[in-house]
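Here is a briefing on the model shown below. It starts with the contact between the chains, then turns to the sheets, the domains and some local details.

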Amino acid sequence: MPTTAPSPEPSAPSGQGGTSFADATASDSALRRFLHGLPGVDTVGLEARAASLGTRSIKTTAKAYAIDLAISMIDLTTLEGADTPGKVRALAAKAVNPDPTDRTTPRTAAVCVYPDMAATAAAALAGSGVKVASVATAFPAGRAALEVKLADVRDAVAAGADEIDMVIDRGAFLSGRYLKVHEEIVAVKAECGSARLKVIFETGELSTYDNIRRASWLGMLAGADFIKTSTGKVGTNATPANTLLMLEAVRDFREQTGVQIGVKPAGGIRTSKDAIKFLVLVNETAGEDWLDNHWFRFGASSLLNDLLMQRQKLSTGRYSGPDYVTVD
Amino acid sequence: MASAFDYAPAPESRSVVDIAPSYGLFIDGEFTDAADGKVFKTVSPSTEEVLSEVARAGTEDVDRAVKAARRAFEKWSALPGSERAKYLFRIARIIQERSRELAVLETLDNGKPIKETRDADLPLVAAHFFYYAGWADKLDHAGYGQNPRPLGVAGQVIPWNFPLLMLAWKIAPALATGNTVVLKPAETTPLSALFFADICRQAGLPKGVVNILTGYGDAGAALVEHPDVDKVAFTGSTAVGKAIARQIAGTDKKATLELGGKGANIVFDDAPVDQAVEGIVTGIFFNQGQVCCAGSRLLVQESVHDEVLHSLKRRLSTLRLGDPLDKNTDIGAINSAEQLSRISALVETGEAEGAERWSAPCELPSAGYWFAPTLFTGVTQAHAVARDEIFGPVLSVLTFRTPDEAVAKANNSQYGLSAGIWTEKGSRILAVANKLRAGVIWANTFNKFDPTSPFGGYKESGFGREGGRHGLEAYLDV
């Protein structure tokens, strides 16, 4: 194994690592050596592990815990060309009060919108504790000059975004210009101020698990607060396997640096059953420290109503149907 | 493992299986008491609860069963292959239909987690019958010439670690090729074979084609010794395998023996570490390590030893040990008190010899037979835990420096059943696999089974192959 590759100190308890990776990002070639020195990912084995954790049977009290936790982890999202202030305000109301028939229902973590809707969302969510997340950096393709991307970020932060969801330059990544990707993340991070930065890899476009592991480390080294699978705008979005892989990355990164990074699967998670499978992945891979909406999020929209229906079923013993949750 | 996300109990329902208070031997299509009326009890190893009382076969019963099989042989072997296939396909489908019931039954009688019986044992059992059903009318194309003939009556003795799966490995190819069988399941796990007898009746299988004798080693020995048995198939310990080989020496009985193992799981420094850790866990903790092809020796390249061990221990700490019927249980009970004491004794030897023991932190239930997932580090080729088959959830960790040393250490064993290779380098997989003296070699995976793949050993792991086209040969007069 190359000397730059991470090798956890077996005696070091988790969270106590202090490894510095400054050398790894010193040059394009050093970064390339580092990322290509990470252990490979066996596709069959990774997917088998994800599938096997998917067979966990989560019942009764565990299910109730998982449903509430999942609701509290949702970045309730609308990212459409047709978005209007009215739509965003309705979504914000839903985030604050997901189930009007049951006030014990937790709030979602955030509402996720385009930058031009961030101010509307911020006004609607003021004082609620629900965060405003804004996509930026020429989301979803990321095909714009760096200055344009940074202006996009500044705009969102100024409008009151608490969290910025940026996309990486997949073209640069796939052509091997890792340092360019790294520098762009660093530059965006600098514009974020106190806003937390989620770095979207668009795993469906990176295509291989080796690439996803490399992108995860690249993002963490560049200062991401969260690593996020996808935009929800391509064919393959969050899957149990790519999320499991990213959970391994944040687990290993904390062991070596002491720095905890969040994970956000986004796109394609629509049912409570799916969401619970992801929480099992979190629990048995990164561990319970990540079972909190500060460290794990779901990028989703229709998932919330399914969770609410399951929650009502657990408390009343009956399925009430889609007319008993709000359509927004 | 205390966590905020505490999985509530999720037990599979016991009510899907109806276990009778007593069972007879299955001879000539009927359930019957033992000639001398002897019985024995079978218990659930996770609770020590008595599940049922089962007839104990003696010499006279063996003779009755072999005679029934001999009578049935003429008609059964004369059937067109396509007709025999119909019965096998029917049996396979009934197994699928009754798989939940059989999975629960197997978990109760054996102690292994429902997750394994449901997702591994039962699908493989059905697949085995489907696979050999497909061969029954195609034997001309199996590579043994035109119209290859069956041997006659097969005497089959199987172990307790995969009761129904080992039955499938033995019975499916025997019937497909036109033999009739007398099968003796292990004394600690007789029930699934008796349920299989019921499935044979349900499928309308002609009387005497399959006979099941529950009993102890004396019945197995009588079966092997019976002069009218043409073929002996045994899976079990090397000691018993040697005894069988001596017993049948000088007779014209054909035999296949599938015996012990001490599989080397070789992890190179360029392995996909997270998946290798999963493979190590599957290799030695699948079925509580009570697997003849278990990867019980971990050979890890010294340069990544610490990293791999750190990840492995972290992973073992998440294993869930407990009620085998709970769908979230990863590690079930050891099959018997006898096996538990054998494992404990070998582990004590390991400690006495100076290997460093580490056991996963988990609470063991107060009733039943349990052993926590355990590993030994600092093990060398000279340690007993590196040489003797433990047949339990105990992993011995050794190191190597170069591929040549890995191969030399892997082959330095009285056994040669299985091996695993973990590396991202394809050329290394091929080079190392060619040098390993083991019947089954897995690359970047472990304990993967498929009816199309032959399985069997080198050296003291036995001879003959089961599974695949190769598995037909053992039941044909070729």
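Between chain A and chain B there are 12 residue pairs in polar contact, both residues of each pair being at pLDDT 80 or more. The model is predicted. The rule also finds 5 salt bridges across the interface of chain A and chain B. Over all chains, a search of the whole structure gives 55 salt bridges.

**Interface of chain A and chain B**

- α3(A) gives the largest share of the side of chain A that touches chain B, with 5 residues.
- Two or more residues of that side come from each of α2 (43-53), α3 (60-72), α10 (209-221), α11 (240-257) and α12 (272-285) of chain A.
- The contact involves 34 residues of chain A and 32 residues of chain B.
- About 2,800 Å² is buried between the two chains. Carbon and sulfur atoms give 49% of that area.
- Glu278(B) and Arg49(A) form a salt bridge, with the closest N and O atoms 3.2 Å apart.

**Sheet of chain A**

- Chain A has an open sheet of 8 strands with parallel pairing. The order is β7-β6-β5-β4-β3-β2-β1-β8.
- Why does one side of β7 (262-264) and of β8 (298-300) of chain A lack a neighbour in the sheet? These strands stand at the edges and each has a single partner strand, so one side of each is left free of a neighbour there.
- From one strand to the next, the twist averages 25 degrees.
- Strand β1 (residues 74-77) of chain A runs parallel to β8(A), and 3 bridges join the two.
- Ile74(A) has Phe298(A) as its bridge partner in β8(A).

**Sheet of chain B**

- An open sheet of 7 strands in chain B follows the order β13-β14-β15-β12-β11-β17-β18. Its pairing is mixed.
- The edge strands are β13 (356-359) and β18 (440-443) of chain B, each of which pairs on one side only.
- Neighbouring strands of this sheet are turned against each other by 20 degrees on average, direction ignored.
- Within the sheet, β14 (residues 374-377) and β15 (residues 394-400) of chain B pair in the parallel sense over 3 bridges.
- Leu375(B) has Leu395(B) as its bridge partner in β15(B).
- Helix α10 (residues 305-316) of chain B lies across β11 (264-267), β12 (297-301), β13, β14 and β15 of chain B. The helix runs at about 165 degrees to β14(B).

**Domains of chain B**

- The domain assignment splits chain B into domain 1 (14-259 + 461-473) and domain 2 (264-450).
- The C-alpha centres of domain 1 and domain 2 of chain B are 29 Å apart. Each of the two domains of chain B puts 31 residues into the contact.
- About 2,500 Å² is buried between domain 1 and domain 2 of chain B, and carbon and sulfur atoms give 59% of it.
- How many salt bridges are counted between domain 1 and domain 2 of chain B? The count is 1.
- Asp330(B) forms a salt bridge with Lys115(B), where the closest N and O atoms are 2.6 Å apart.
- The rule finds 12 residue pairs in polar contact across the interface of domain 1 and domain 2 of chain B, both residues at pLDDT 80 or more.
- On the side of domain 1 of chain B that touches domain 2 of chain B, α3 (99-110) and α4 (114-135) of chain B each supply at least two residues. The largest share of that side, 6 residues, comes from α4(B).

**Local details in chain A**

- Lys149(A) and Glu184(A) form a salt bridge, with the closest N and O atoms 2.6 Å apart.
- Lys149(A) lies in helix α6 of chain A and Glu184(A) in helix α8 (residues 178-192) of chain A, so the pair ties together parts that are 35 residues apart in sequence.
- Most residues other than glycine have a negative phi, and most peptide bonds are trans.
- The peptide bond from Phe139(A) to Pro140(A) is cis, with omega near -5 degrees. Pro140(A) lies in the loop between β3 (131-135) and α6 (146-158) of chain A.
- Thr60(A) is not a glycine, yet has a positive phi of about 40 degrees. Thr60(A) belongs to helix α3 of chain A.

Methods: Residues numbered from 1 in each chain as written. Chains lettered and ligands numbered in written order. Predicted model: local features only at pLDDT ≥ 70, side-chain atom pairs only at ≥ 80, totals over all residues. Heavy atoms only, no water. Pairing = 2+ DSSP bridges. Helix = DSSP H or I, 4+ residues; strand = E, 2+ residues; numbered from the N terminus. Axes fitted to C-alpha atoms, helices over the stretch in contact; angles between N-to-C directions. Contact = heavy atoms within 4.5 Å. Domains from an automatic or database assignment. Buried area = accessible area lost by both parts, 1.4 Å probe. Salt bridge = Lys/Arg side-chain N within 4 Å of Asp/Glu carboxyl O. Polar contact = N/O pair within 3.5 Å; in protein donor to acceptor, adjacent residues only side chain to side chain.
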